[in-house]
Amino acid sequence: MIWNEEFETLPREALEALQLKRLQNLLERVYANVPFYRHAFDKKGIKPEDIKSLKDLHKLPFTYKQDMRDNYPYGLFAVPREQVVRIHASSGTTGKPTVVGYTRRDVATWAELMARTFTAAGVKKGDVLQNAYGYGLFTGGLGAHYGAELIGASVIPISGGNSAKQVMILKDFGTTAISCTPSYALNLYEVALEEGINLKDLPVRVGVFGAEPWTNAMRKEIEEKWGIDAIDIYGLSEVMGPGVSFECVEAKNGMHINEDHFIAEIIDPETEEPLEYGQVGELVFTTITKEAIPLIRYRTRDITRLIKEPCKCGRTFVRMEKVTGRSDDMLIIRGVNVFPSQIESILVERKGVQPHYQLVVDRVGNLDTLEVQVEVGEDLFSDEIKVLQNIEKSIEKDIKDIIGVSAKVKLVEPKTIQRSEGKAKRVIDKRVLK
Amino acid sequence: MKILQISVFIENQSGRLYEVTNLLGENNINIRALSLADTSDFGILRLIVNDPQKAHTLLKENGFTVGRTEVIAVEVPDKPGGLASVLKVLNENNINVEYMYAFVEMSGDCAVMIFRFDETDKALEVLSKNNIVTIEGAKIYGI
């Protein structure tokens with residue numbers, strides 16, 4: 001099913017003409033209203049009118065996550081703050097979050113994109129959608145909520161966590177569609193079984209899963225256990241939130257990018273040169289309709305590939321493959337973005353903690369685990385077990401409070417963490433995502 | 001009398017305990033008493049040796065995290081209720097025992113226990129007032 005037949009199946013030529021028109025309009029707007037972009041354009045000797053075709057896109061400067069931090073909180077807004085009706089934020093690498101704003105029209109666009117997403121997954125008016133994405137500063141909860149309401153589904157805004165209650169509602173409220181992270185879906189299955197409920201016996205029919213990378217093997221497992229269609233969606237708060245791209249239930253093969261709102265490029269993260277369709281590289285987005293905080297060539301750091309071949313669902317939008325990695329060191333652990341530098345800054349603030357640490361990420365059962373190994377030097381050491389255990393617990397608490405992810409801190413002997421020439425190997429990710 | 005205890009941080013992995021004891025043995029350091037406290041991840045090996053300074057330097061040079069703690073060696077009557085009689089005194093004086101462990105060898109007719117208190121000086125005073133014998137370092141390292 002297609003929510004917006006007109007735009008989602010626009011012939012490529014018309015789509016690209018629309019993209020160019022919207023891009024040119026965007027460039028005028030940011031040049032006039034965002035000092036950051038005016039400086040960046042001037043530095044490159046570029047004026048908005050120099051962009052005459054989509055092929056000129058590569059002449060434009062990139063936007064990095066750091067630019068959003070440097071302009072914290074509202075510096076990149078392209079409209080007066082009074083026109084912003086919603087503010088979201090994602091966790092930052094140095095304690096300060098990345099802030100994004102939405103005008104009334106942005107919120108409507110976002111709802112439209114999530115309506116497309118749910119419709120492509122097979123969710124429709126009359127469905128009961130249990131939305132278990134987190135509500136709050138995180139874009140997942142409210143983003144999905146507005147889209148599902150627009151379709152006319154009955155939305156249960158339960159937010160994340162509280163698994164026993166989730167299961168009760170799944171059973172009692174006649175839930176037909178669920179949205180959450182894929183690992184949480186598997187977790188809910190286990191919790192339900194413990195309560196003597198097999199989710200397969202319930203009317204739930206479809207799941208819309210995102211906010212963390214997952215595999216096709218995991219899809220198969222979720223589909224078999226829940227007895228549903230499991231659909232992958234992609235988004236990031238800087239660009240919009242959920243709804244940037246989505247799979248269709250017909251193909252379940254690549255996520256259609258809402259190209260009437262975002263121009264996607266794949267670049268070589270090292271040389272920063274654009275790559276051809278089909279080549280693997282870093283995904284870069286230009287948000288051509290966003291009003292409050294439009295971004296030019298935003299570096300997502302996500303590694304993927306674009307598929308130009310038409311899809312059997314009839315949409316003309318290009319598809320992106322599942323994200324297979326990152327061009328920086330960000331980890332996604334149970335849906336939470338974690339940078340090793342965040343852990344480092346928590347550790348170095350602590351007296352006696354060595355600057356030698358290592359993060360071991362694994363997937364045990366269905367849940368990601370994070371182990372933080374910290375070398376015990378003389379300043380930290382004690383002859384009493386409880387003192388060392390309290391150190392472990394208190395670092396764990398800091399990580400939970402500041403980054404929002406549960407970690408296990410493990411004290412290790414000095415010099416057991418591998419030293420390397422140059423860049424230290426801080427992360428061992430044992431999860432297999434192929 | 002306070003005596004010096006060496007403690008070593010040891011990860012829970014096979015062979016580590018051997019490495020520590022072998023290192024001490026090869027360097028002629030004699031272990032007089034020891035206790036191992038452990039969690040699922042790591043352990044703390046506490047040692048009374050004949051030459052604590054040498055042991056400390058040696059372990060440190062070999063990359064171990066080593067600590068030094070003052071503990072007290074107490075003579076405990078070697079008969080039923082012997083240890084309880086000592087603990088009774090400590091309890092009555094609100095002295096907390098962080099941990100304790102026993103010496104294999106005797107001091108005359110008495111067993112010897114190593115005590116780690118949170119307030120070492122106060123503990124010494126209480127023990128001495130109650131005529132409980134503590135053993136000095138020079139003697140304990142050579143038992």
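**Chain contacts, cores and unusual backbone angles in a predicted model**

Visitor: How many residues does the contact take from chain B and from chain A, and which element of chain B gives the largest share of its side?

Guide: In this predicted model, the contact takes 16 residues from chain A and 16 residues from chain B. On the side of chain B that touches chain A, strand 1 (2-11), strand 3 (42-49) and strand 4 (66-77) each supply at least two residues. The largest share of that side, 4 residues, comes from strand 1 of chain B.

Visitor: What is the make-up by class of the side of chain B that touches chain A?

Guide: Sorted by class, the side of chain B that touches chain A holds 4 nonpolar, 7 polar and 5 charged residues.

Visitor: Where are the domains of chain B, and which elements of domain 1 give two or more residues to the side that touches domain 2?

Guide: Chain B is divided into domain 1 (2-69) and domain 2 (70-142), and the C-alpha centres of these two domains of chain B lie 22 Å apart. In the contact between them, 11 residues of domain 1 of chain B meet 16 residues of domain 2 of chain B. By class, the domain 1 side of this contact in chain B has 5 nonpolar, 4 polar and 2 charged residues. The elements that give two or more residues to the domain 1 side are strand 1 and strand 2 (31-38) of chain B.

Visitor: Which residues have the most contacts inside the largest nonpolar core, and which helix gives the largest share of this core?

Guide: The largest nonpolar core has 91 residues, and those with the most contacts inside it are A:V123, A:A185 and A:A264. Not counting residues up to four places away in sequence, A:V123 touches A:F118, A:L129, A:A148, A:I151, A:A153, A:A177 and A:V206. The largest share of the core, 8 residues, comes from helix 5 (residues 104-121) of chain A.

Visitor: Which residues are included in the second, separate core?

Guide: This second core is separate and has 62 residues. Its members include A:I333, A:V338, B:A73 and B:A123.

Visitor: At what angle do helix 8 and helix 9 of chain A cross, and is the crossing left-handed or right-handed?

Guide: Two packed helices are described by the angle between their axes and the distance between the axes. For helix 8 (residues 182-194) and helix 9 (residues 216-226) of chain A, the axes come within 10 Å. The contact is made by A:P182, A:A185, A:L186 and A:Y189 of helix 8 and by A:M218, A:E221, A:I222, A:K225 and A:W226 of helix 9, a set with 7 nonpolar, no polar and 2 charged residues. The axes cross at roughly 35 degrees, and the crossing is left-handed.

Visitor: Which residues does a cis peptide bond join?

Guide: Most residues other than glycine have a negative phi, and most peptide bonds are trans. In the loop between helix 4 (65-70) and strand 1 (84-90) of chain A, where A:P73 is found, there is a cis peptide bond with omega of about -10 degrees. The residues that this cis bond joins are A:Y72 and A:P73.

Visitor: Why does A:E272 count as partly exposed, and is A:R334 buried or exposed?

Guide: A:E272, in the loop between strand 10 (262-267) and strand 11 (281-287) of chain A, has a positive phi of about 65 degrees although it is not a glycine. A:E272 counts as partly exposed because it has 13 C-beta neighbours inside 10 Å. A:R334, in the loop between strand 16 (331-333) and strand 17 (336-338) of chain A, also has a positive phi, near 50 degrees. Because 20 other C-beta atoms lie within 10 Å, A:R334 is buried.

How values were computed: Residues are numbered from 1 along each chain as its sequence is written. Chains are lettered from A and ligands numbered from 1 in the order in which they are written. This is a predicted model: local features need pLDDT of at least 70, side-chain atom pairs count only at pLDDT 80 or more; totals for chains, interfaces and linings use all residues. Two residues are in contact if their C-beta atoms, placed from the backbone, lie within 7 Å. Ala, Val, Leu, Ile, Met, Phe, Trp, Tyr, Cys and Pro count as nonpolar, Asp, Glu, Lys and Arg as charged, and the others, Gly among them, as polar. Domain bounds come from an automatic or database domain assignment. A nonpolar core is a set of buried Ala, Val, Leu, Ile, Met, Phe, Trp, Tyr and Cys residues joined through C-beta atoms within 7 Å. A residue is buried if 20 or more other C-beta atoms lie within 10 Å of its own, exposed if 12 or fewer, and partly exposed in between; C-beta atoms are placed from the backbone. Axes are lines fitted to C-alpha atoms, for helices over the stretch in contact, and angles run from 0 to 180 degrees between N-to-C directions. A crossing is left-handed if the near helix is turned anticlockwise from the far one by less than a right angle, and right-handed if clockwise.
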